[in-house]
Number of protein chains: 2
Amino acid sequence: MNLRQQKALQTKRKISKVALELFNKKGFSNVTVDEIIEKTGTSKGAFYNHFKSKHDIFLEKFKEIDNFYVDELLPKLDPQESAKEKLKKFFFMQMIYIEKDLGWDVIRTIYENELNTERESFFLIPDRPLYQILYSLCVDGQKKGEFREDLTPEQMVTIFTRMIRGILYDWSINKGEFSLKGEQEALFDVVIRGLMK
Amino acid sequence: MNLRQQKALQTKRKISKVALELFNKKGFSNVTVDEIIEKTGTSKGAFYNHFKSKHDIFLEKFKEIDNFYVDELLPKLDPQESAKEKLKKFFFMQMIYIEKDLGWDVIRTIYENELNTERESFFLIPDRPLYQILYSLCVDGQKKGEFREDLTPEQMVTIFTRMIRGILYDWSINKGEFSLKGEQEALFDVVIRGLMK
DNA sequence: TTGACAAATAGACTATAGTCTGAGAAATTA
DNA sequence: TAATTTCTCAGACTATAGTCTATTTGTCAA
């Protein structure tokens, strides 16, 4: 990495850091891009060179969630356990992470942004690690004879995905006012019951 | 209703009609408020006197959905049938209505708007007819001994609500590219299975 | 070393949702 | 009917996300 790239990265990091702090303190919609560039001593040009939009800063943070799944969460699952148990734990830890580390304003912002027609959706990238993990767990469950066989693993993943979308959306409009991990568990129990043999 | 109220209502209707036509033709985000007021020969003042926001026009249309549930949909349910069957039909008809009469852009816009912190959410009004209908169907199902009894009807309604949120959100980001009624049916079958005894 | 090139940035400018103020007309009151 | 209040609307104005163009500065090849 040469000097120019280093400087650019430094600018990007500075913007990202300050912006996330501000979002955290005041909420996403109460922070303006002008404020961010003023606080970082940069400019519109710098800002939009590094980020596609104001939302985009959050998206970068949100994308880390997939690293979290792969690096932190997956290794904690015991291969010996039933698929049901693994899925349960997976979702449970996911919710704790979202509740603690991300927070409802991040989720709200991401979910809002994904509804914008203009840009392509992050949620629709088919090879997101999240989907791959869920897929392999569903296949595992079918192999072990736990899950119904009249549904394809793809269909099951879709069902789980929509379950998560539903609860996170609901959590967002409720401004994080209910326990995500508790409510998710209740919903999961119902869905998994519907998917077992 | 006096003359002034009549005129005002006329203005409101004109704005609403033209706006919805434009949204329908060009998509919500490709229509500007300036265009609407120009086409209707009105003004910003008139527009924002009648609607809280550009989104709000859609919300009015969307609120009709609850009338639809009560007036059109509910009477078609045979009280003799099982609660499961009634719920299934209810959701089925709901999806057809949404798919045909509202369309994904309306849903997308509503769902996006509901994520705005500023205004109070329509989804969170606890006595929406939709929730009341679902509630009574869940109570019915428990009375008839079809459904689990370790969950309260409220909890079941919440689960159904999140199921719907999940699939409609997903449908929106997919720009209406999958069959709502088909996919909803598949999801419902899983969820109801998890709720039955 | 120098000149061409490309990347990064500054900041003016644009587009557009939404606010604010005032004016005129209708309703209400005396 | 005259005075007063209130509702509806017009349109100028504001706030803010995002675009565009010019400038600077580092890079690289000859």
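This briefing describes the symmetry, the DNA contacts and two helix environments of a structure with chains A and B and DNA strands C and D. The model is predicted: local features need pLDDT of at least 70, side-chain atom pairs count only at pLDDT 80 or more, and totals for chains, interfaces and linings use all residues. Residues are numbered from 1 along each chain as its sequence is written, chains are lettered from A and ligands numbered from 1 in the order in which they are written, and side-chain values use heavy atoms, with hydrogens and water left out.

**Symmetry of the protein chains**

- Chain B is superposed on chain A by a rotation of 180° with 0.0 Å of shift along the axis, at an RMSD of 0.1 Å; the fit is by least squares on the C-alpha atoms of residues with pLDDT of at least 70 in both copies.
- This is the relation of a two-fold axis.
- Within chain B, the residue closest to the rotation axis is B:G166, whose C-alpha lies at 1.8 Å.
- Both copies use the same surface, as 100% of the contact residues of chain B recur in chain A (contact means heavy atoms within 4.5 Å).

**Surface near DNA strand C**

- DNA strand C is surrounded by 24 residues, of which A:T11, A:S43, A:H50, B:L3 and B:K44 are the closest (a residue is near a strand if one of its heavy atoms lies within 4 Å of it).
- Sugar or phosphate contributes 58% of the strand C atoms within 4 Å of the protein, and bases contribute the rest.
- An N or O atom in the side chain of A:H50 is 2.7 Å from a phosphate oxygen of DNA strand C; polar contacts are pairs of N or O atoms within 3.5 Å, where within protein one must be able to donate a hydrogen and the other to accept it, and residues adjacent in sequence count only if both atoms are side-chain atoms.
- Backbone N or O atoms also approach phosphate oxygens of this strand, at 2.8 Å for B:L3 and at 3.0 Å for B:R4.
- Helix α3(A) gives the largest share of this surface, 5 residues (helices are DSSP runs of H or I with at least four residues, numbered from the N terminus).

**Surface near DNA strand D**

- Among the 24 residues around DNA strand D, A:L3, A:K44, B:T11, B:S43 and B:H50 come nearest.
- Of the strand D atoms that come within 4 Å of the protein, 57% belong to sugar and phosphate.
- Phosphate oxygens of DNA strand D lie 2.2 Å from a polar side-chain atom of B:T11, 2.8 Å from a polar backbone atom of A:L3 and 3.0 Å from a polar side-chain atom of A:K7.
- Two or more residues each come from α1 (3-26) and α3 (44-50) of chain A and from α1 (3-26) and α3 (44-50) of chain B.
- The largest share, 5 residues, belongs to α3(B).

**Helix environments in chain A**

- Helix α6 (residues 104-114) of chain A has 10 of its 11 residues buried, so it is largely enclosed by the rest of the structure (buried means under 20% relative accessible area, with a 1.4 Å probe and protein chains only).
- The buried residues of α6(A) pack against α1, α4, α5 (83-102) and α8 (153-173) of chain A, and against α6 (104-114) and α8 (153-173) of chain B.
- The axes of α4 (residues 54-73) and α7 (residues 129-143) of chain A come within 9 Å and cross at roughly 35°; axes are lines fitted to C-alpha atoms, for helices over the stretch in contact, and angles run from 0 to 180 degrees between N-to-C directions.
- A:D66, A:Y69 and A:V70 of α4(A) meet A:P129, A:L130 and A:I133 of α7(A) in this contact.

Key:
Buried < 20%, exposed > 50% of the residue type's maximum accessible area, 1.4 Å probe, protein only.
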